[in-house]
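Visitor: I am new to reading protein models. Could you take me through this one, and give the reasons as we go?

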Amino acid sequence: MYNYQNEKTKIFTEEGQIVFLKIRDKTQHLLKQSGAIMMSNIINGISGDSWLHLACVDRLVELGEIEEITNGGVAGQYRVFTST
């Protein structure tokens with residue numbers, strides 16, 4: 001089961017930083033186009049560890065770059081985000 005605190009450390013590896021930057025850039029691009037995006041749209045087309053992908057998006061929330069607008073109870077891929 002996905003747990004951000006357990007996955008967060010992967011972001012700070014060499015591979016994790018590359019993935020994080022890809023996800024950050026894609027997120028910013030998609031938000032400029034539509035204003036709100038689902039998790040599935042962010043991680044679609046990025047290969048690798050899907051839990052790392054989720055952790056990268058959660059890190060963007062933690063840094064205040066994006067904001068989640070869905071409340072609990074939705075599957076991870078259906079979480080929705082906007083710019084802060």
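Visitor: At what angle do the axes of helix H1 and H4 cross?

Guide: This is a predicted model. In it, the axes of H1 (residues 4-11) and H4 cross at roughly 90° and come within 8 Å.

Visitor: What makes H1 and H4 "roughly perpendicular"?

Guide: Angles of 65 to 115 degrees count as roughly perpendicular. The crossing is at roughly 90°. H1 and H4 therefore earn the term.

Visitor: Which residues in H1 meet H4?

Guide: Tyr4, Glu7, Lys8, Lys10 and Ile11 do. Their partners in H4 include Trp51, Leu52 and Asp58. By class, this contact has six nonpolar, six charged and no polar residues.

Visitor: Why is aspartate 58 called buried?

Guide: Buried means under 20% relative accessible area. Aspartate 58 has 12% relative accessibility, so it counts as buried. Aspartate 58 lies in H4 (residues 50-62). Beyond its neighbours within four places in sequence, it is in contact with Tyr2, Tyr4 and Arg79.

Visitor: How do you know that the length of helix H2 agrees with its number of residues?

Guide: H2 (residues 14-34) has 21 residues, which at 1.5 Å a residue should span 30 Å. Its end C-alpha atoms are 31 Å apart, so the two agree.

Visitor: Which residues of H2 are buried?

Guide: They are Gly16, Val19, Phe20, Ile23, Thr27, Leu30 and Leu31.

Visitor: What puts these buried residues on the same side of H2?

Guide: They cover an arc of only 105° around the axis, so they share one side. An α-helix has 3.6 residues a turn, so residues three or four places apart point the same way. On the other side of H2, Glu14, Lys32 and Gln33 are exposed.

Technical notes. Residues numbered from 1 in each chain as written. Predicted model: local features only at pLDDT ≥ 70, side-chain atom pairs only at ≥ 80, totals over all residues. Heavy atoms only, no water. Helix = DSSP H or I, 4+ residues; strand = E, 2+ residues; numbered from the N terminus. Buried < 20%, exposed > 50% of the residue type's maximum accessible area, 1.4 Å probe, protein only. Contact = heavy atoms within 4.5 Å. Axes fitted to C-alpha atoms, helices over the stretch in contact; angles between N-to-C directions. Parallel < 35°, antiparallel > 145°, perpendicular 65-115°, else oblique. Nonpolar A, V, L, I, M, F, W, Y, C, P; charged D, E, K, R; others polar. Expected span 1.5 Å × (residues − 1). Arc of directions from axis to C-beta.
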